[in-house]
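Got the viewer open? Here is a short tour, one selection at a time.

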Amino acid sequence: MKAKVLTLICIVLFWSCTTASEDDLIDTTPLEDIITYVDDVKSIMDNNCIFCHSEPPENGAPMPLLSYEQVKEAVENRDLIERISTEDLAFVMPFGGPRLPQNLIDIVIKWQTDGLLED
């Protein structure tokens with residue numbers, strides 16, 4: 001009887017497993033719309049960057065990333081895209097955390113490609 005119950009539990013556990021990975025949960029649909037700071041990039045910065053890149057910057061961050069002008073300047077002159085895109089954990093932003101999901105990085109890259117539009 002115990003063997004049957006144990007077998008049943010094993011079968012239920014096996015069927016409840018999933019093959020979904022974190023990569024399966026990330027939207028990889030190509031971006032077709034024009035990307036703007038207000039509609040697309042600001043929320044990425046607010047949710048992932050301003051913990052350190054506030055005013056004044058904290059935890060060794062060199063500049064704030066609170067406004068369109070600050071983020072645009074960081075893309076143009078401070079290698080923001082390279083910092084969020086790198087696989088090197090010593091340089092990746094956000095610092096000390098996991099690398100941003102590729103779909104968010106792609107939004108920032110497309111924003112630059114689209115001309116760093118504000119709205």
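Start by selecting Tyr 37: does this residue count as buried or exposed? Tyr 37 counts as buried, because its relative accessibility is 3%, under the 20% cut-off. Keep in mind as you click around that this is a predicted model.

**Zoom out for a moment**

Switch to cartoon view. The protein chain has five helices and zero strands, so there is no sheet to hunt for under the DSSP assignment used here. Read along the sequence, the pattern is α-α-α-α-α. Of the 119 residues, 26% count as buried. Now try a contact map: among contacts with a separation of 6 or more, 55% are between residues 24 or more positions apart. If you turn on the surface, about 8400 Å² of the protein chain is exposed, with carbon and sulfur atoms supplying 59% of that area.

**Back to the rings**

A search of the whole structure turns up three aromatic pairs. Add Tyr 68 to your selection: with Tyr 37 it makes an edge-to-face pair, 5.7 Å centre to centre and 65° between the planes. Tyr 37 sits in helix α2 (residues 37-48) and Tyr 68 in helix α3 (residues 68-77), so this pair ties together parts that are 31 residues apart in sequence. Tyr 68 counts as buried too, at 13% relative accessibility.

Next, add Trp 111. The ring centres of Tyr 37 and Trp 111 are 6.0 Å apart with the planes at 40°, so this pair is tilted. Trp 111 belongs to helix α5 (residues 102-113) while Tyr 37 is in α2, so here the parts tied together are 74 residues apart in sequence. With 0% relative accessibility, Trp 111 counts as buried. Show the rings of Tyr 37, Tyr 68 and Trp 111 together and you have a cluster linked by ring pairs.

**Along α3**

Now select α3 and colour its buried residues: Tyr 68, Val 71, Ala 74 and Val 75. Turn the view until you look down the axis of α3. The buried residues fall within an arc of 135°, so they line one face of the helix. What do they pack against? Show α2, α4 (80-85) and α5, and you have the partners of the buried residues of α3.

Last stop: step past the end of α3 to Asp 79, which follows the helix and has a positive phi, near 60°.

Key:
Residues numbered from 1 in each chain as written. Predicted model: local features only at pLDDT ≥ 70, side-chain atom pairs only at ≥ 80, totals over all residues. Heavy atoms only, no water. Phe/Tyr/Trp six-rings, centres within 6.5 Å; stacked < 30°, edge-to-face > 60°. Helix = DSSP H or I, 4+ residues; strand = E, 2+ residues; numbered from the N terminus. Buried < 20%, exposed > 50% of the residue type's maximum accessible area, 1.4 Å probe, protein only. Arc of directions from axis to C-beta. Contact = heavy atoms within 4.5 Å. Areas by Shrake-Rupley, 256 points an atom, 1.4 Å probe, with all protein chains shown as cover.
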